[in-house]
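Dear colleague,

I am passing on a structure that I would like you to look through when you have a moment. Below it I have set out what was found, so that you can follow along in the coordinates.

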Amino acid sequence: MAKPNITLVQGDITEQDMDAVVNAANSSLLGGGGVDGAIHRKGGPEILAECRRLRAGHYGRGLATGQAVATTAGRLPARWVIHTVGPVWNPGEDRSVLLASCHRESLRVARELGARTVAFPAISTGVYRWPIDDAARIAVQTLREEGEGFEELRFVLFNKQAYDAFAAAL
Ligand code: AR6
């Protein structure tokens, strides 16, 4: 299998014409700010309706940190949104395994769906305060190790600082 083709763009994840886009969600799956807010706002109410159905079914307790689950992408250009819950940064505890797990599990779900192209935001680096350089290192490493066979895996960075951090990690 071919090595993953990992690309970087500075931009908005809701505008990516990819098979799947990853959402930096929280365990409620019921929306929030940042990437999550933008995805629900632009994707429309179908996404939230499907999240509510997940909560009423297998995800009664919510989605655990480091796990991932897919819904429709509603009105977004993508076909699917893969919701994952990043760990909150904690300087007193190494939660890198959980951040790597978000990326690995999102790829696993993407494969199950048959997605060939997947866009990732910089998970945990906003409200959850993970230092961007460290998050970039973990994200790039995990996609390199686990992203075999995809046509394109794209990091979508919202600002120049994040873009530069991911460029350095790549
Ligand atoms: N496109 C791409 N990147 C974005 C966008 C966008 N439209 N908007 C923000 N970013 P965050 P987290 C960047 O806070 O840290 C939510 O309330 C942003 O600059 O979205 O994992 C959830 O419901 C940052 O670099 O996610 C959770 O409660 C990165 O995306 C919580 O925030 C991630 O920032 C999750 O926090």
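To begin with the surroundings of the ligand, the shell comprises 13 nonpolar, nine polar and two charged residues when sorted by class. There are 24 residues around the ligand, and those that come nearest are Ala24, Asn26, Gly32, Gly34 and Gly126. Strand S2 and helix H1, the latter spanning residues 34–43, each supply at least two residues of this shell, and H1 gives the most, with four residues.

Please keep in mind throughout that this is a predicted model. The protein chain has an average pLDDT of 97, with 99% of the residues scoring at least 70, and the model as a whole scores ipTM 0.99 and pTM 0.98. As a general caution, where pLDDT is low the predicted coordinates should not be read in detail.

Turning to the sheet, six strands form an open arrangement in the order S1-S6-S5-S2-S4-S3, and the pairing is mixed. Its edge strands are S1 (6–10) and S3, each of which pairs on one side only, and from one strand to the next the twist averages 25 degrees. At the S1 end, S1 and S6 (residues 152–157) pair in the parallel sense over five bridges, and one of the partnerships there sets Ile6 against Leu153 in S6.

Two helices that pack on this sheet may be worth displaying together with it. H1 touches S2 and S4, and its direction makes about 130 degrees with that of S2. Helix H4 (residues 132–146) also packs on the sheet, where it touches S1, S5 (117–120) and S6, and its direction makes about 145 degrees with that of S1.

Within the sheet, I looked most carefully at S4 and the strands that join it. S2 (residues 20–25) runs parallel to S4 and is joined to it by six bridges, whereas S3 (residues 68–72) runs antiparallel to S4 and is joined to it by five bridges. A useful place to see both pairings is Val81, which is the bridge partner in S4 of Val21 and is also the bridge partner of Thr71.

How many of the residues of S4 are buried? Six of the six residues of this strand (residues 80–85) are buried, so S4 is largely enclosed by the rest of the structure. The burial applies to both faces, with Trp80, Ile82 and Thr84 buried on one side and Val81, His83 and Val85 buried on the other.

S2 can be described in similar terms, being mostly covered, with six of its six residues buried. On one side the buried residues are Ala20, Val22 and Ala24, and on the other they are Val21, Asn23 and Ala25, so that both faces are covered. Besides its bridges to S4, S2 pairs with S5 in the parallel sense over two bridges, and in that pairing Ala20 stands opposite Val118 in S5.

Finally, there are two individual residues outside the strands that I examined. Arg104 lies in helix H3 (residues 96–113). Is Arg104 exposed, partly exposed or buried? With 19 other C-beta atoms within 10 Å, Arg104 is partly exposed, because the cut-off for a buried residue is 20 or more. Leaving aside its neighbours within four places in sequence, Arg104 is in contact with Thr142 and Glu146. From C-alpha to C-alpha, Arg104 and Thr65 are 12 Å apart in space, while in sequence they are 39 residues apart.

The other residue is Asn159, which is found in the loop between S6 and helix H5 (160–169). Asn159 has 10 other C-beta atoms within 10 Å and is therefore exposed, given that the cut-off for an exposed residue is 12 or fewer. Asn159 and Met18 are 141 residues apart along the chain, and their C-alpha atoms are separated by 20 Å.

With best regards

Notes: Residues are numbered from 1 along each chain as its sequence is written. This is a predicted model: local features need pLDDT of at least 70, side-chain atom pairs count only at pLDDT 80 or more; totals for chains, interfaces and linings use all residues. Two strands pair if DSSP finds at least two bridges between them. A residue is near a molecule or strand if its C-beta atom, placed from the backbone, lies within 6 Å of it. Ala, Val, Leu, Ile, Met, Phe, Trp, Tyr, Cys and Pro count as nonpolar, Asp, Glu, Lys and Arg as charged, and the others, Gly among them, as polar. Axes are lines fitted to C-alpha atoms, for helices over the stretch in contact, and angles run from 0 to 180 degrees between N-to-C directions. Two residues are in contact if their C-beta atoms, placed from the backbone, lie within 7 Å. pLDDT is the predictor's confidence in each residue, from 0 to 100.
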